[in-house]
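Trainee: I've got a model open and I'd like to learn how to read it. Can we go feature by feature?

Mentor: Sure, let's have a look together.

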Amino acid sequence: MERGNHTVTEFILLGFSTDPVMQMVLFVLFLGVYSLTLLGNTTLIILICNDSRLHTPMYFFIGNLSFLDLWYSSVYTPKILVTCISENKSISFAGCLSQFFFSAGLAYSECYLLAAMAYDRYAAISNPLLYAQAMSRKLCISLVVYSYTGGFVNAIILTSNTFTLDFCGDNVIDDFFCDVPPLIKLACDVRESYQSVLYFLLASNVITPTLLILASYLFIIAAILRIRSTQGRLKAFSTCSSHIISVTLYYGSILYIYSRPSSSYSLERDKMVSTFYTVLFPMLNPMIYSLRNKDVKEALRKLVKLAPSDI
């Protein structure tokens, strides 16, 4: 792909620091986070597959979220680890494009999946007796397939529009992965049509799922208010608390990064926020959905053959 009088064949990822000591500290930190991410999400998937009590629509979606987080984290973290300990900070043009495509596709898919999980919580609370019928296996599978399809179709749109921009000057990306803000900084001129594409994708992949989640929770609140006992209301709300935390953390960071005009991007500040939703969030999700979950704890006891008092 020609850019002015030369061809861009690779980009240089600056990462977080050029100090060797700090790079080693960051390597250890990211390796620890990645290890916990792999352990937590893999364990949760095994528990859901292994224990028949977890074969419900809610855990079906949680299992798919864990699978998505495993894939999502693996798009970024291995390259971050290599960048921390290697003098070679380069990533090929094709490698940058691939990383960009998969990161966008998985991020958008997670937005849709979290919206599907909000609808699942509404179906469970509004009419628990008909929950199994309302959230049939066919519907659950369809919602997951639609989530991935919508995510990756929109990723194709974003990737094709981003990597046909005219890049000029150096090829240094002041970030730890290939993303919209740093790539825009390298572009000679960001067309108005490209900014329109970004707003369209923001509306279809982030704003629309957000509105669906808000609508689901409005109906959930109405259903909870119809429950007469305080204990019943608290129990109903507790089934949604993990999802609310997950949605708030994920959508908050996504909206912060991508809902602003490209002229207002601050790479240093955005780099820290990006670290949260790309590296830390996949590690936190298994904890969010399992720490206060009795069913998951019982499944873990059963798997490792521990007595109930041991956990």
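Trainee: Let's start with the surface. Which residues form a nonpolar patch there?

Mentor: Keep in mind that this is a predicted model. For a patch like this, you look for nonpolar side chains with over 30% relative accessible area, within 5 Å of one another. Here Val-21, Met-22, Val-25 and Leu-29 make one, and together they offer about 360 Å² of accessible area. Val-25 belongs to helix 1, which covers residues 20-50.

Trainee: Is Val-25 buried or partly exposed?

Mentor: Partly exposed, because its relative accessible area is 40%, and that class runs between the 20% and 50% cut-offs.

Trainee: On to cysteines. How many disulfides are there?

Mentor: The idea is to look for two cysteine sulfurs within 2.5 Å. The count here is one disulfide. Cys-96 pairs with Cys-178, with the sulfur atoms 2.1 Å apart. The torsion about their S-S bond is about -130 degrees, so this disulfide is left-handed.

Trainee: Which parts does the pair tie together?

Mentor: Cys-96 sits in helix 3 (residues 93-126), while Cys-178 is in the loop between strand 5 (172-173) and helix 6 (180-186), so the link joins parts 82 residues apart in sequence. Both Cys-96 and Cys-178 are buried.

Trainee: Why is Cys-49 too far from the closest cysteine sulfur for a bond?

Mentor: Because that closest sulfur, in Cys-140, is 14 Å away from the sulfur of Cys-49. Cys-49 is exposed, with a relative accessible area of 57%. Cys-84 is in no disulfide either, as the nearest cysteine sulfur, that of Cys-178, is 15 Å away. Cys-84 counts as buried, though, because its relative accessibility is 9%.

Trainee: Now for confidence. What does the chain average in pLDDT?

Mentor: Think of pLDDT as the predictor's own confidence in each residue, from 0 to 100. The chain averages 85, and 91% of the residues score at least 70.

Trainee: Which elements have the lowest and the highest mean pLDDT?

Mentor: Strand 1 (residues 2-3) has the lowest, with a mean of 44, and helix 5 (residues 137-162) has the highest, at 95.

Trainee: And where does pLDDT stay under 50?

Mentor: Residues 1-6 are one such stretch, and the model gives them 13 contacts beyond four places in sequence. Residues 307-311 also stay under 50, with six contacts of that kind.

Conventions. Residues are numbered from 1 along each chain as its sequence is written. This is a predicted model: local features need pLDDT of at least 70, side-chain atom pairs count only at pLDDT 80 or more; totals for chains, interfaces and linings use all residues. Side-chain values use heavy atoms; hydrogens and water are left out. Patches are made of residues with over 30% relative accessible area and no salt bridge: like charges are joined within 9 Å, nonpolar side chains (Val, Leu, Ile, Met, Phe, Trp, Tyr) within 5 Å. Accessible areas come from the Shrake-Rupley method with a 1.4 Å probe; for residues, only the protein chains shown count as cover. A salt bridge is a side-chain nitrogen of Lys or Arg within 4 Å of a carboxyl oxygen of Asp or Glu. Helices (H or I, at least four residues) and strands (E, at least two) are DSSP runs, numbered from the N terminus. Buried means under 20% relative accessible area, exposed over 50%, partly exposed in between (1.4 Å probe, protein chains only). Contact means heavy atoms within 4.5 Å.
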